[in-house]
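Here are a few exercises to work through with the model open in your viewer. Try each task before reading its solution.

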Amino acid sequence: MPTVEVTFTPLPVHVRTARLIATAVARRSGVDESLLDEVRLAVGEACSRAVEAHRKHCPGEPIRVALTDDPEQFEVVVTDAAPAEQALSPATPEPAEPEVDGVIQQLPPGVGLAVISGLADDVRIASAGNGDGTSIAMSWTRRTEPVTPAAPA
Amino acid sequence: MDLKLGHYSKDGIEVVDVEGEIDVYTAPRLRELLIDLVNKKNYQLVVNMEKVEFLDSTGLGVLVGGLKRVRAHDGSLDLVCTQERILKIFRITGLTKVFGIHDSVDDAIAARKAEK
C-alpha cells in the first residue's frame with residue numbers, strides 16, 4: 001500500500017501540485033536533499049505526459065500518483081488511463097502540437113521519458129493492466145535513514 | 001511560484017527575464033512572448049534564467065521553438081543560467097550543444113557581439 005496516494009484531474013495547473021506533494025513526501029521519507037530536485041523533475045515529467053495523454057483521449061478520467069517509501073527505496077508510480085499504445089509511442093509522426101509557421105512548438109513526447117530515465121535510479125513502464133492505461137514507476141535508492149516521527153511530548 | 005516575464009533591449013539585443021517555474025502550465029506564456037518578440041522583428045534574444053526555479057521538457061520545447069524561429073531569420077537565442085539544477089536538464093537532453101549558455105547577461109551579449 002502506498003504511503004501517500006493522490007488523484008488529480010488532468011489539467012496542467014495540477015501538475016505543479018503533484019510535484020510539490022511528491023517532493024514533500026520524499027523529503028519527509030528521508031530522501032537525500034540532493035535527490036529532491038530529481039524527484040520533483042521526474043514526477044513533473046511523468047505527470048505532464050499523463051496530462052497530455054488524458055487531454056487527448058480521456059479528459060474526464062483522473063491521473064493517479066502513488067508514493068511509497070520503504071527501507072530500500074523511494075518509489076513514485078504515475079498511472080494514466082489513456083490508450084497504452086498512444087501513450088507509449090516514443091515519437092508520434094505528427095508533432096504533439098500543430099506547427100506554427102513551420103516551427104514545432106513542443107519537443108516529441110519521448111523526450112519526457114528520456115529525462116525521467118536520466119533522473120531516476122530505476123524506471124519501469126508498464127501497461128496499467130486493463131488494456132488502457134500506462135504506469136511509470138520511478139524509484140530512487142535510499143541513501144539516508146527515513147525520518148521517524150517525533151514522539152509526542 | 002508562478003511565472004513572471006519581462007523584457008528589455010540592451011545593445012540591440014532583446015533580453016527576456018524569466019522568474020519562477022516553467023512547466024506544462026506556464027510554458028505557453030513564455031512561448032507567446034517569444035513568438036511576439038520575433039513577430040516584432042527581434043531576432044537577437046537572450047533569455048535570462050537566473051531566477052528560474054523549475055524547468056521541464058515542456059519549457060525546453062518552448063526554448064527550442066524560439067531558437068528555431070530566430071534562426072529562420074539568421075538570429076540567435078542565448079541563455080543565461082548558472083544554476084546546476086536547471087543546467088542538469090539541458091545536459092540530460094544534450095541541449096547544451098544547441099544553446100549558448102552564459103554566466104551573465106553581459107557575457108551573453110558580449111559573446112553575441114564577438115560573433116558578429
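## Salt bridges, helices and a sheet

Lys10(B) has a relative accessible area of 29%, which makes this residue partly exposed. Keep in mind that the model is predicted.

**Exercise 1.** Find the salt-bridge partner of Lys10(B) and work out which parts of the chain the pair ties together.

*Solution.* Start with the closest N and O atoms: Lys10(B) and Asp106(B) bring theirs to 2.6 Å, forming a salt bridge. Next, place the two residues: Lys10(B) sits in strand β1 (residues 4–10) of chain B and Asp106(B) in helix α4 (residues 105–115) of chain B, so the bridge ties together parts 96 residues apart in sequence. Finally, check the partner's accessibility: Asp106(B), at 46%, is partly exposed too.

**Exercise 2.** Is Asp80(A) buried or exposed, and what is the status of Arg49(A), its salt-bridge partner?

*Solution.* First the pair itself: the closest N and O atoms of Asp80(A) and Arg49(A) are 2.4 Å apart. Asp80(A) is in the loop between β3 and α3 (84–88) of chain A, while Arg49(A) belongs to helix α2 of chain A, 31 residues away. Now apply the cut-off: buried means under 20% relative accessible area. Asp80(A) has 4%, so it counts as buried. Arg49(A) has 12%, so this residue counts as buried as well.

**Exercise 3.** Which residue of chain A does Arg85(B) meet in a salt bridge, and which network of salt bridges includes the pair?

*Solution.* The partner is Asp37(A), with 3.6 Å from N to O. That contact crosses between chains, from helix α3 (residues 84–92) of chain B to helix α2 (residues 33–57) of chain A. Both residues are also in a network that links Arg16(A), Arg19(A), Asp37(A), Arg40(A), Glu21(B), Asp23(B) and Arg85(B).

**Exercise 4.** How are α1(B) and α2(B) oriented to each other, and what classes of residue make up their contact?

*Solution.* The axes of α1 (residues 27–39) and α2 (residues 57–71) of chain B come within 9 Å and cross at roughly 10°. Angles under 35 degrees count as roughly parallel, and these two helices are therefore roughly parallel. By class, the contact has eight nonpolar, four polar and two charged residues.

**Exercise 5.** Which strands stand at the edges of the open five-stranded sheet in chain A?

*Solution.* Write down the order: β1-β2-β3-β5-β4, with antiparallel pairing. The edges are β1 (4–8) and β4 (122–127); each has a single partner strand, so one side of each lacks a neighbour in the sheet.

Terms used:
Residues numbered from 1 in each chain as written. Chains lettered and ligands numbered in written order. Predicted model: local features only at pLDDT ≥ 70, side-chain atom pairs only at ≥ 80, totals over all residues. Heavy atoms only, no water. Pairing = 2+ DSSP bridges. Helix = DSSP H or I, 4+ residues; strand = E, 2+ residues; numbered from the N terminus. Axes fitted to C-alpha atoms, helices over the stretch in contact; angles between N-to-C directions. Parallel < 35°, antiparallel > 145°, perpendicular 65-115°, else oblique. Nonpolar A, V, L, I, M, F, W, Y, C, P; charged D, E, K, R; others polar. Salt bridge = Lys/Arg side-chain N within 4 Å of Asp/Glu carboxyl O. Buried < 20%, exposed > 50% of the residue type's maximum accessible area, 1.4 Å probe, protein only.
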